[in-house]
Structures are given as C-alpha cells and as structure tokens.
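Grab a pencil and open the viewer. Here are some exercises to help you find your way around, each with a worked solution.

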Amino acid sequence: MKRFSILLAALLMGTGSLLAQSHQWFIRHILSDKHAMMSVNTQKRYILLPIEEKENETTIKVIKDSHSMQDIKVRLATGKPDYFVPLDISKFGKDGKVLLDFSFQGNYRTVGNIEDYSCWQLMKESDTFDTTNREAYRPVYHHTPLWGWMNDPNGLFYKDGVWNLYYQYNLYGSTWENMTWGHATSRDLVHWQYEGTPIEPDDLGTIFSGSAIVDSSNTAGFGKNAIVAMYTSAAESQTQSLAYSNDGGKTFTKYSGNPTLTAKEPDFRDPKMIWNEATKEWNLVMATGQKMNFYSSKDLKNWKYESSFGEGYGCHKGVWECPDLIEMANGKWVLFCNINPGGPFGGSATQYFVGQWDGHKFTCESKPEVTKWMDYGKDHYATVTFSGAPNGRHVALAWMSNWQYAAVVPTHQYRSSNSVPRDLGIFTEGGEDYVSVKPSPEVLKAFNKPAAGISEACMVEVSRLRPNATIELSNGKGERVVMRYNASEQSFSFDRLKSGQADFSDAFPSVTIAPTHGRVNRVLIFIDKSSIEVFDADGKFALTNLVFPTSPYNRLSVKGGKTKIRKM
C-alpha cells in the first residue's frame with residue numbers, strides 16, 4: 001500500500017485544493033468541479049458503479065502502476081441510481097489496487113457540488129454481481145444480454161454443434177457506448193449461455209461490428225480450424241482488424257499487424273468475410289458510406305479491392321451498414337444491406353439485392369429503383385447469417401429494435417434482444433426473386449406442447465385464412481394488437497397503436513404493412529413478453545414488432561381462420 005500511496009501523492013502534487021475522504025476500501029480525492037480520483041484497495045472482484053441514465057457521461061480511466069489500463073464512459077449517478085453495473089478490477093491484478101480517474105462531462109453541477117454526488121456513497125465492492133432478472137419485459141426464448149446494452153449481432157458462426165453469437169455490447173450501462181463483443185452460445189438456437197467479452201477495446205479503438213469464420217485450411221497461419229474474427233476498430237477513423245481464437249471462440253488474440261484494411265471514407269465498417277469456393281479465396285464485403293466495397297484475399301490479412309456496388313440501387317435515405325453476401329440453392333446471390341434511417345416505416349431496416357457474384361463484381365438482377373425488404377416490421381435490423389451453418393442452411397439473426405427509440409424503451413437492467421433465428425430461402429413472384437423468411441426448425445421444434453390459451457411466451461398458428469381475416473391480441477386494460485389480412489390488396493398489416501406503453505417515443509405507435517406476394521393460407525405468430533413476430537408459413541413475408549403491454553395479452557380473437565396455440 002505504501003508504494004501505491006506514493007504514486008497517488010505524486011499524481012496529485014500541485015493540484016491546488018484537495019479534499020480526500022476515506023470510505024474503508026477507497027480514498028476519494030476531489031481535484032476540481034469536474035475531476036476526481038479514487039484510490040482503491042480491495043480484495044473484491046468488482047466495484048459496482050451506480051448508473052443514472054438521465055446524467056451526462058463520465059469518463060473513468062483505470063490506472064495501474066502509473067499505466068492506463070482501461071477507459072470507459074458511464075452515466076454515473078449524482079442522485080437516485082437506476083441500476084448498478086460491475087467494473088471488474090480483478091483482471092488488473094490480484095492485489096486489488098488501482099487508481100480510478102473520473103472526468104465529469106457537461107453541466108453536472110445542476111445537482112450540486114461534486115463532493116455531494118451520490119455515487120461516492122453508493123459505490124460498492126463485491127465478489128459477485130446479481131444478474132437475476134428484474135425486468136417484466138425480458139423475453140423468455142429470445143437472446144438478451146444478462147445486463148447492459150446490446151445492438152448488432154456480430155461474428156456469427158457454427159462449429160461442432162454449437163451456434164456462436166457475438167454482439168455489440170456495453171457492459172457499463174443500458175445505452176450505447178463502450179462497444180465490445182459480447183459472446184453467447186447455443187446448441188438449439190433457443191437457449192443461450194453467456195460466455196463473456198472475448199474481444200475488448202484497445203488503443204486502435206472500440207470494437208464495432210464484423211464477422212467470424214472457421215479457417216479450416218489455416219489460410220491465415222493462425223492454426224488449423226482457428227476462428228478468425230474481423231471487426232471494425234473505431235477511433236478517429238474506422239479501420240479493420242483481425243483476431244484469432246484456438247479454443248473455439250472463447251478467447252481471442254489480436255493480430256500484431258492490425259489494422260489490416262483502411263480507407264479514407266468516414267463510414268467504413270462491418271466487414272463480412274466469406275469463402276468463395278469457385279475462386280478458392282476469401283471475399284470481403286465492407287459497408288462504405290452508401291455503397292458496398294468488395295475485396296479478395298488468399299490469407300485474410302492482405303486484401304485486394306475488387307469493385308463497389310450501390311450507386312443508384314435501392315434505398316439511400318440513410319447510411320448502409322452490416323452487409324452480408326450468401327449464395328442461394330438456385331445459384332443466385334443475395335447481398336444484405338442494413339440501412340439507418342430509411343426503413344419502410346421509419347428508422348432502421350434490412351434491404352437486400354438479388355443477383356450474381358463472380359468473385360469480383362456483384363450484379364443486381366432488378367431495376368435500380370426496386371427496393372426489397374427482409375422484414376416489414378419496425379424492429380428488425382442488422383440482419384446477418386451464421387457462417388458454416390450445417391446442411392447448406394442460411395440461418396439469419398437480427399437486432400430486434402429500432403434506432404429511433406432503442407435507448408428509451410421501458411427496460412433498464414438490459415436493453416434489446418435478438419429476433420428468433422430464421423432460415424432463408426428464395427422464391428419467385430411476378431418475375432422477381434425474393435428472399436423467403438421462415439422461423440428456424442429448432443424454434444418450431446421448441447413449441448411442442450398444446451396450450452389452451454395465449455400466454456406471455458407462446459406460438460399461435462392461424463390456418464385457413466379467409467380473404468379479410470382479423471387477428472387480435474388484447475388484455476383487460478384495453479391494450480391490443482390488431483393484425484389484418486387483405487387478400488385483394490395482397491397485404492398483411494400489424495397495428496400497435498394501442499398496444500401498451502408507447503409514450504417513450506413518438507415514433508413507436510405505428511401500423512406496419514407487408515406485401516404478401518400472393519395468397520396467404522397460414523401464419524405463425526411468436527409472442528414473447530415484449531415482442532411479436534409474424535411469419536407467412538411459406539416464408540413470403542415477415543413482420544417483427546416490439547410491444548410493451550402493461551399487463552400480458554390474455555385474449556385472442558380470430559375472425560376468418562382456424563387457431564392452434566403451442567407453448568414450450
């Protein structure tokens with residue numbers, strides 16, 4: 001402790017006014033109205049930080065032996081906290097000694113003097129962090145983070161019977177910040193196990209979206225069957241970096257030659273790697289402003305620019321993000337392009353293009369003005385597929401939210417979930433090729449028990465739909481969701497105008513409408529606490545929408561169809 005105290009005194013020398021206060025396991029030092037330090041001496045694993053979402057961000061720098069080890073941004077509480085998040089200091093050494101440097105941003109003093117902020121009294125030391133669910137709206141069978149913020153799914157791959165999901169993750173609050181890769185695994189696409197944060201920020205930047213593959217032939221030289229991840233390092237510029245894993249994706253080592261790919265464009269991110277069997281090399285798709293750039297490589301480290309696609313095609317009302325490129329069973333290729341804003345009903349959504357890819361250039365088969373959407377709900381974004389899915393399947397996962405209101409939906413312990421996994425195919429209607437979207441077989445298998453009525457977590461099958469069928473979910477408080485099939489207009493609508501809580505955003509109350517591409521005979525409706533996903537059983541349309549009823553929907557009314565209800 002003596003050495004640590006000498007270090008602290010040296011850091012604080014010449015600061016002028018200084019107020020130090022002991023709190024058993026830490027000593028607080030106020031340096032100015034926006035700056036403080038805290039010397040920590042604890043044998044506990046975590047410091048639990050109190051978070052108040054209405055506050056401005058505070059930057060906390062973790063210093064060990066005069067070296068900066070980690071920087072995070074949190075909305076540190078000055079009054080009543082909304083929740084706590086864990087800062088793991090055990091990874092900086094077993095002696096439990098660190099220095100925390102706090103820089104408060106904005107007008108924090110509206111709540112009083114810095115020494116009076118509640119965070120100083122509320123911080124706790126602990127060996128555990130309670131992740132017991134405290135949220136009424138947390139889904140039952142959709143993936144969610146145990147705590148904190150989540151957005152885009154990243155690095156999806158399948159290997160040895162395990163589905164690996166990485167995702168954009170903030171451990172230190174339920175709003176976007178501190179981007180790292182969280183990790184979860186599943187053997188059935190329904191039950192997910194949290195595996196930690198294997199790729200964390202470094203001096204090149206925070207960790208934005210990307211992809212992961214199994215390098216079965218050791219083309220990169222990281223080892224046979226190494227998992228290779230490519231992601232965007234986000235700092236002053238957006239550059240692309242590599243990391244590799246030799247333990248199946250649990251831990252990663254960052255490549256010493258990072259960054260591996262750079263560009264002048266300010267929006268240059270979300271690398272998607274695919275193996276091209278025809279050319280025996282790797283291809284890469286990069287979201288670059290409002291176009292997609294394509295590259296090729298033999299070793300995943302050195303990339304050659306091939307071409308670009310996008311000018312004049314599809315929707316350009318927002319930034320293009322999170323690309324994917326897959327070959328369908330009929331030989332056609334599908335290019336995913338997630339866009340924000342610009343969705344068909346406002347905010348973020350997934351558009352796609354069908355055409356040909358020869359390893360060098362993507363050629364769209366539709367006219368430039370044609371825009372095709374993967375899902376016609378408000379809450380389906382950042383769609384990407386699992387690399388290496390078995391039996392040639394294309395299994396997709398989406399972020400189930402919308403940038404218009406994702407940070408203000410009525411949850412705190414966590415924010416956001418992923419859609420149910422979906423198997424993708426292709427169908428033709430009116431001379432155009434479209435992507436078909438069906439819930440994955442594993443999801444359907446999970447709902448194997450008949451149910452007498454609807455519940456917070458169930459699947460409703462409505463068959464023999466008549467031309468003007470109506471499906472309504474409601475509760476005793478007058479909250480309801482109304483779905484309508486209009487055969488003459490070939491449309492299926494989803495009305496959540498009176499679905500429950502909606503006052504958190506003017507953009508939330510909405511009616512979304514999907515084209516049906518012909519006759520609809522049967523739909524599958526997945527209900528899970530705060531979401532409803534509707535699929536045409538033949539895969540010709542999907543609608544994904546969040547809902548926040550103040551009490552669960554317990555009434556189902558179907559006019560013009562036959563109903564079956566199943567539970568897990």
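**Exercise 1.** Leaving aside its neighbours within four places in sequence, which residues is Leu100 in contact with?

*Solution.* Keep in mind that this is a predicted model. Start at Leu100 and skip anything within four places of it in sequence. What remains is Ala36, Met37, Met38, Val40, Ile47, Ile60, Lys61, Val62 and Leu87. Now step back to the surroundings: Leu100 belongs to the largest nonpolar core, which has 48 residues. Along with Val40, Leu49, Phe102, Trp120 and Met123, Leu100 touches the most other members of that core. As for elements, strand 4, spanning residues 46–51, gives the most to this core, with five residues. There's also a second, separate core of 45 residues, and Val285, Met292, Trp320 and Leu325 are among its members.

**Exercise 2.** Work out the order of the strands in the six-stranded open sheet, and find the strands at its edges.

*Solution.* Read across the sheet and you get 32-42-33-38-39-40, with antiparallel pairing. Next, look at the two ends: strand 32 (449–450) and strand 40 (542–546) each have a single partner strand, so one side of each has no neighbour in the sheet. Then zoom in on one pair. Strand 38 (residues 522–528) and strand 39 (residues 531–536) run antiparallel and are joined by six bridges. To pin the pair down, pick Ile525 and look across to strand 39, where Val534 stands opposite.

**Exercise 3.** Describe the largest pocket: its volume, its lining and the strands that contribute.

*Solution.* First the space: about 960 Å³. Then the walls: 40 residues line this pocket, and Gln70, Ile72, Lys91, Glu200 and Pro201 lie nearest its centre. Elements giving two or more residues to the lining are strand 6 (67–74), strand 7 (83–88), strand 13 (193–199) and strand 14 (206–215). Last, sort the lining by class: 21 residues are nonpolar, nine polar and ten charged.

**Exercise 4.** Do the same for the second largest pocket, and say which strand gives the most to its lining.

*Solution.* The volume is about 530 Å³. Of the 26 lining residues, those nearest the centre are Ile274, Trp275, Leu325, Glu327 and His394. You've met Leu325 already, as a member of the second core. Two strands, strand 18 (268–276) and strand 22 (319–327), each supply at least two lining residues. Strand 18 gives the most, with five. Sorted by class, the lining comes to twelve nonpolar, eight polar and six charged residues.

**Exercise 5.** How many cavities of 30 Å³ or more does the structure hold, and what lines the largest cavity?

*Solution.* Count them up and you reach eight. The largest cavity holds about 100 Å³ of space. It has 13 lining residues, with Trp373, Tyr376, Val435, Lys540 and Phe541 closest to its centre. Strand 31 (residues 432–439) gives the most to this lining, with three residues. By class you'll find ten nonpolar, two polar and one charged.

**Exercise 6.** Find the residues that line the second largest cavity, then sort them by class.

*Solution.* This cavity has about 80 Å³ of space. Its lining is made up of Pro139, Met400, Ser401, Val409, Thr411, Tyr414, Ser416, Ser417, Ser530, Leu546 and Phe548. Sorting gives six nonpolar and five polar residues, with no charged ones.

Terms used: Residues numbered from 1 in each chain as written. Predicted model: local features only at pLDDT ≥ 70, side-chain atom pairs only at ≥ 80, totals over all residues. Heavy atoms only, no water. Core = buried A, V, L, I, M, F, W, Y, C linked by side-chain atoms within 4.5 Å. Buried < 20%, exposed > 50% of the residue type's maximum accessible area, 1.4 Å probe, protein only. Helix = DSSP H or I, 4+ residues; strand = E, 2+ residues; numbered from the N terminus. Contact = heavy atoms within 4.5 Å. Pairing = 2+ DSSP bridges. 1 Å grid on protein atoms, 1.4 Å probe; cavity = no way out; pocket = protein on both sides within 12 Å on 5 of 7 lines; lining within 4 Å. Points joined across faces, edges and corners; volume = space filled by probe spheres on them. Nonpolar A, V, L, I, M, F, W, Y, C, P; charged D, E, K, R; others polar.
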